[in-house]
Amino acid sequence: MYRSTYVVIMAGGIGSRFWPVSRTDFPKQFLDILGTGETLIQQTFKRFETLAPVENIYVVTSTEYTDIVEKQLPTLLKENILSEPERKNTAPCIAYASFKILQKDPAASIIVAPADHLILDQQAFEAVCTQALQFIDIHHDALLTLGIKPSYANTGYGYIQFNKETAQSGVHKVIAFTEKPDAQRAAKFVNGGEHLWNSGIFVWKARSIINSIEKYLTDLFQLFKEKQSWLGTSFEKLMIADIYAVCENVSIDVGVMEKAGNVYIIPASFRWSDLGTWNSAWENMGKDRRNNAVAGNGVLVIDTTQCVVHASDEKLVVLQGLQNYIVVDTTDVLLICQKEKEQDIKNYVSEVKKLKGERYLYSVNNILKPAGAVLERVY
């Protein structure tokens, strides 16, 4: 554990592709998606406790979720919960945390990670993070990301091309970023061996990322620079409200990483998923003999294969003859969707909002059940 290692957990998303379980007021990072007994943010926090002192772990989240973070992470310092008044993507989020950390520790190294990813091999993950931290200790200006060796042509992930020929201690120079390619291009990337999945996990010096923001997102840098003396004071929330009211909505990938010439990547092979869709949950859940991942004691599946099903224990749900479907039954919503159309769920949510208002976007009783409860009742 490095005393100057800090962790920034990004937990402000609404997880709309996990609708109707993930709702605007209680999104997926605060749910036990896989039935492990821990929510995704609790797993993420636990993952980093061996890499950084708990007082060096920060969570950046939406103002409406700060109470949830406090309840789910009771050992996290309250002052380390950074509240965003608006969702402006990852660049402002990272700028906020980085300015805050740099003020505390000019020598800080930062690991930035989403709150809702699944990583199953803790030992391998720690080894890669340690490798990354050692690299940026030598190469102070490096912006480093972790890439995942792709196991298949997933069209829901971003890809990063890297230089296979040149490597320093297992670290490669990044050539290009590609966001969610079509199936043909994704297959080409996987077969070529020069592309990795973009994990969205970054490692860098606080000073380095702030210098990069100054160079590539000058307006955002100036907004924070002008009022950085307000950080840590009673005016901090007012400062952030002022900045977020006018700053650009932009990701760190688009705003900095795709433009910078000092970007590096470590190919990692630990089991990883961004748990962005119901299909990714199906891939990581327990399954019956016909490859159905089922959560809910009242579910009966007949001649049904390759489905992911979530339903209340209080309701009998009988499914017959389905193949490759997502079926989610909550108190107020029933979703039946082909798994291959899972990327469209976000669009369905927008359509629901347009036609039915926001009623079905909010709920405070989203508790997922563990998969595997009905394995003995498969026909």
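The following paragraphs describe the domains of a predicted model, the interface between them and the two largest pockets.

The domain assignment divides the protein into domain 1, which spans residues 5-273, and domain 2, which spans residues 278-361. The C-alpha centres of domain 1 and domain 2 are separated by 29 Å. Contact between the two involves 17 residues on the side of domain 1 and 20 residues on the side of domain 2. Together, domain 1 and domain 2 bury about 1700 Å², and 59% of this area falls on carbon and sulfur atoms. Within the area that domain 1 buries against domain 2, a share of 39% is supplied by R17, W19 and R23, which is more than any other three residues supply. The interface of domain 1 and domain 2 contains one salt bridge under the rule applied. R23 also takes part in a salt bridge with D332, in which the closest N and O atoms are 2.9 Å apart.

Turning to the pockets, the largest has a volume of about 1400 Å³. Its lining comprises 44 residues, and those closest to the centre of the pocket are G13, R17, N89, T90 and K346. R17 is thus listed both among these central lining residues and among the three residues that supply 39% of the area buried by domain 1 against domain 2. Two or more residues of the lining are given by each of α3 (90-104), β8 (171-178), β9 (195-205) and α9 (252-257), and β9 gives the most, with four residues. By residue class, the lining of the largest pocket divides into 15 nonpolar, 17 polar and twelve charged residues.

The second largest pocket holds about 350 Å³ of space. A set of 17 residues lines this pocket, and I81, S83, Y96, E236 and K237 are the ones that lie nearest its centre. The elements that give two or more residues to this lining are α2 (66-72), β3 (81-84), α3 and α8 (236-246), with α8 providing the largest share, four residues. Helix α3 accordingly appears among the elements that give two or more residues to the lining of the largest pocket and among those that do so for the second largest pocket. The lining of the second largest pocket divides into six nonpolar, five polar and six charged residues.

Terms used
Residues numbered from 1 in each chain as written. Predicted model: local features only at pLDDT ≥ 70, side-chain atom pairs only at ≥ 80, totals over all residues. Heavy atoms only, no water. 1 Å grid on protein atoms, 1.4 Å probe; cavity = no way out; pocket = protein on both sides within 12 Å on 5 of 7 lines; lining within 4 Å. Points joined across faces, edges and corners; volume = space filled by probe spheres on them. Nonpolar A, V, L, I, M, F, W, Y, C, P; charged D, E, K, R; others polar. Domains from an automatic or database assignment. Contact = heavy atoms within 4.5 Å. Buried area = accessible area lost by both parts, 1.4 Å probe. Salt bridge = Lys/Arg side-chain N within 4 Å of Asp/Glu carboxyl O.
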